[in-house]
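Me: Got a minute to go through this one with me? I'd like to take the helices in turn.

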Amino acid sequence: MNIQLITDAVSLALVLVGAALSFAGSVGLVRFGDTMSRIHAVAKPQTAGLVLTILGAIIRVAGSENLSPGERGDMGVLLLLIVFSFLTSPVTAQRIGRVARREGLYAPKEKMARNDAPADRSLNKRR
């Protein structure tokens, strides 16, 4: 067995698992009813699926016979994509969750605890 066959098999497995996780997140986004469940479905498996797919691509590029400087640069860009996805996905999910909580978008007000219920008035409105 040569190294290219091994890297191809590993990269294929990572890309397929990443694609399955991204698909599961998309299905969860469509199927879940409330906002908090949808945020969870988007943030967790989508990020993991993206990272696994990018890692599969990095392994595929690294396993080529002649690794040129341009391909090394491509691997650097792919690593930056992983870093930026880890930085932006949790922040985006937290901000969307906070807005949904403040606006009361995830449950009827009667079913929420006092601390979870949205404010009775907006900060922009004057009394």
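**Helices and a few residues**

Reply: Start with Thr7. Thr7 is buried, because its relative accessible area is 13%, under the 20% cut-off. Keep in mind that this is a predicted model.

Me: Where is Thr7 found?

Reply: In helix α1.

Me: And what does Thr7 touch, leaving out residues up to four places away in sequence?

Reply: Ile59 and Gly63.

Me: Which backbone oxygen lies 3.0 Å from a polar atom of the Thr7 side chain?

Reply: That of Gln4. The backbone nitrogen of Gln4 has a partner too: a side-chain oxygen of Asn2 comes to within 3.2 Å of it, at the start of α1.

Me: Which residues of α1 are buried?

Reply: Thr7, Ser11, Gly18, Gly25 and Gly28.

Me: What covers them?

Reply: The cover includes α2, residues 35-62.

Me: How does the span of α1 agree with its residue count?

Reply: Helix α1 runs over residues 3-31, which is 29 residues. At 1.5 Å a residue, the expected span is 42 Å. The C-alpha atoms at its ends are 42 Å apart, so the two agree.

Me: Switching to Val17. Buried, exposed or in between?

Reply: Val17 has a relative accessible area of 43%, so it counts as partly exposed. This residue is in α1.

Me: How far is Val17 from Gly56 in space?

Reply: Their C-alpha atoms are separated by 9.6 Å. Along the chain, the two residues are 39 apart.

Me: OK, Arg31. Buried or exposed?

Reply: Exposed. The relative accessible area of Arg31 is 69%, and the cut-off for exposed is over 50%, so Arg31 qualifies. Arg31 is also in helix α1.

Me: How far apart are Arg31 and Ala41?

Reply: Ten residues in sequence. In space, 9.7 Å from C-alpha to C-alpha.

Me: On to α2 and α3. At what angle do their axes cross?

Reply: Roughly 175 degrees. The axes come within 10 Å, with α3 covering residues 69-103.

Me: Parallel or antiparallel, then?

Reply: Roughly antiparallel. Angles over 145 degrees count that way, so this pair belongs there.

Me: What's in the contact of α2 with α3, by class?

Reply: There are 20 nonpolar residues, five polar and two charged.

Me: Good. Quick recap of α1?

Reply: Thr7 is buried at 13%, Val17 is partly exposed at 43% and Arg31 is exposed at 69%. Among what covers the buried residues of α1 is α2.

Methods. Residues numbered from 1 in each chain as written. Predicted model: local features only at pLDDT ≥ 70, side-chain atom pairs only at ≥ 80, totals over all residues. Heavy atoms only, no water. Helix = DSSP H or I, 4+ residues; strand = E, 2+ residues; numbered from the N terminus. Expected span 1.5 Å × (residues − 1). Buried < 20%, exposed > 50% of the residue type's maximum accessible area, 1.4 Å probe, protein only. Contact = heavy atoms within 4.5 Å. Polar contact = N/O pair within 3.5 Å; in protein donor to acceptor, adjacent residues only side chain to side chain. Axes fitted to C-alpha atoms, helices over the stretch in contact; angles between N-to-C directions. Parallel < 35°, antiparallel > 145°, perpendicular 65-115°, else oblique. Nonpolar A, V, L, I, M, F, W, Y, C, P; charged D, E, K, R; others polar.
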